[in-house]
Amino acid sequence: MDKRIFRISLTAALAGFLFGFDTVVISGANQPIKEIWDTNWFLGDSIFTFHGIFIMSIALWGTVLGSLFGGIPTDRLGRKKTLFWIGILYFASALGSAFAPEAYSFSFFRFIGGVGVGASSVAAPVYISEISTAQTRGRLTAMYQFNIVFGILLAFISNYLIGILFEESIAWRWMLGIEGLPALIYTLMVFKIPNSPRWLLMKDKADAVVIESITLLGIAKDKASLHLEQIKIAIVETKEKTSEGLFSGKYNKPLVLAFLIAFFNQLSGINFVLYYAPEILERAGLASGESLFSSISIGVINLIFTFVGISLIDKLGRKQLMYMGSIGYIVSLAMVGWCFYSGASSILLLTFILIFIASHAVGQGAVIWVFISEIFPNKVRSYGQSWGTGTHWVFAALITLLTPTFLDAEIGIFKENPWPIFIFFAVMMVLQLLWVIFMMPETKGITLEELGKLLSKKRGDTE
């Protein structure tokens, strides 16, 4: 693997670090904000709480906006410029959230950070998939997921350490504000990466401009012209066969595949566990300080098994990893539900939560961003990525919005015991396993252009 392409891919993938940090850092501020601003009240006669909508899930509604519309700047401005503005959004969100005087301004800054998260899940995987080869695309694009879990781990560690060093009344502000430093560093680093040669060609840029971009990727000048011609031929063929829009009917198969992998990703309950890890562990009997510390173990396991997933994704393939992850999901979620139902020890429950995290890291975590970024043809890739990531974030927001209601329920089967939530997620993962077996194609080792041909409906075909 070329070291320069690796470094460039890693820089772009650092958007994932900020994604992971921004997404999970709120878990440390969850309880203090409830107490300081008294946000845990219901909106009228509905089941929705102000805290659930405007504190915990508002960033996720930002990700919905960022992911659904992130394909527009990614296509028109380019992958590089979009990644730069994503860094600006992260930086503004971190500082704004830290200094927010009340819940409404806090929600606004969390929202724009969410827009950055959503847009990054479009631009970064697309960029990396376009500058890599068919043989290295899985590992390089999966670095985005690695950085997500690395950010998650550091967010858990940061929350724990800041919780020790500062008074609770101000600790949460430091937890959120510290993200501004890596956001600023990332924004400056993005200046040095080149534009995607595929994007430049799709925008009919001059050959000299494209060749310059190719050489910046580490390809020797004497080979750059040949590389240019190879991409140009593939793109010309793709343009001729992809004149229709994303929803013309030609791309129904990749649209369905992207929707389902994103749908099942969130119906595993991963964001529920990551967002509410300290509260879930407290329900299992751990003290507040112990639950924050134990949350770090979730981040560590996530990181370790993401390494495993990345190392295997181009060897075993995407489908095999999804088999492994689905089975692990089903077993671990069912056992977490049983532990809550039976009152089993907190150590046993934490063990099965960690198995759940490991299953996610090896399966869905390693695969989702790679898979969505490679199943759409060049012409509609950024918009297809928006479709897949938008689906992901809509369901992430809905789950984060609704779960506080069940966690705080005073009556019914949810009272003081969230076991039905985990059983529901386990059933959803049985459905995911069936989807993997009967519908999911293998994409390893196939060029982006060839995948576009294989998964697009040919003119005159019938369903």
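**Exercise 1.** In this predicted model, work out whether Val256 counts as buried, partly exposed or exposed.

*Solution.* Start with the number: Val256 has 39% relative accessibility. Now bring in the cut-offs: buried is under 20%, exposed is over 50%, and partly exposed is what sits in between. So Val256 goes down as partly exposed. To place Val256 on the fold, look in helix 14, which covers residues 252-266.

**Exercise 2.** Find the nonpolar surface patch that includes Val256, and say which helix gives the most to it.

*Solution.* First, list the members: Val256 is joined by Val430, Leu431, Leu434, Ile437, Phe438 and Met439. Next, the area: the patch comes to about 630 Å². Finally, the helix: helix 22 (residues 419-438) gives the most, with 5 residues.

**Exercise 3.** Decide whether Leu228 is buried or exposed, then find what it touches.

*Solution.* Leu228 is part of helix 13, residues 221-241. Its relative accessibility is 2%, so Leu228 counts as buried. For contacts, skip the neighbours within four places in sequence; that leaves Leu201, Asp207, Val210, Ile211 and Ile214. Take Asp207 from that list: it is 21 residues from Leu228 along the chain, with 7.9 Å between the two C-alpha atoms.

**Exercise 4.** Now zoom out: what do the totals say about the whole chain?

*Solution.* Count the secondary structure: 23 helices and 0 strands. Then burial: 60% of the 463 residues are buried. On the outside, the chain exposes about 18,000 Å², with carbon and sulfur atoms supplying 69% of that. Last, contacts: among those with a separation of 6 or more, 82% join residues 24 or more positions apart.

Key:
Residues are numbered from 1 along each chain as its sequence is written. This is a predicted model: local features need pLDDT of at least 70, side-chain atom pairs count only at pLDDT 80 or more; totals for chains, interfaces and linings use all residues. Side-chain values use heavy atoms; hydrogens and water are left out. Patches are made of residues with over 30% relative accessible area and no salt bridge: like charges are joined within 9 Å, nonpolar side chains (Val, Leu, Ile, Met, Phe, Trp, Tyr) within 5 Å. Accessible areas come from the Shrake-Rupley method with a 1.4 Å probe; for residues, only the protein chains shown count as cover. A salt bridge is a side-chain nitrogen of Lys or Arg within 4 Å of a carboxyl oxygen of Asp or Glu. Helices (H or I, at least four residues) and strands (E, at least two) are DSSP runs, numbered from the N terminus. Buried means under 20% relative accessible area, exposed over 50%, partly exposed in between (1.4 Å probe, protein chains only). Contact means heavy atoms within 4.5 Å.
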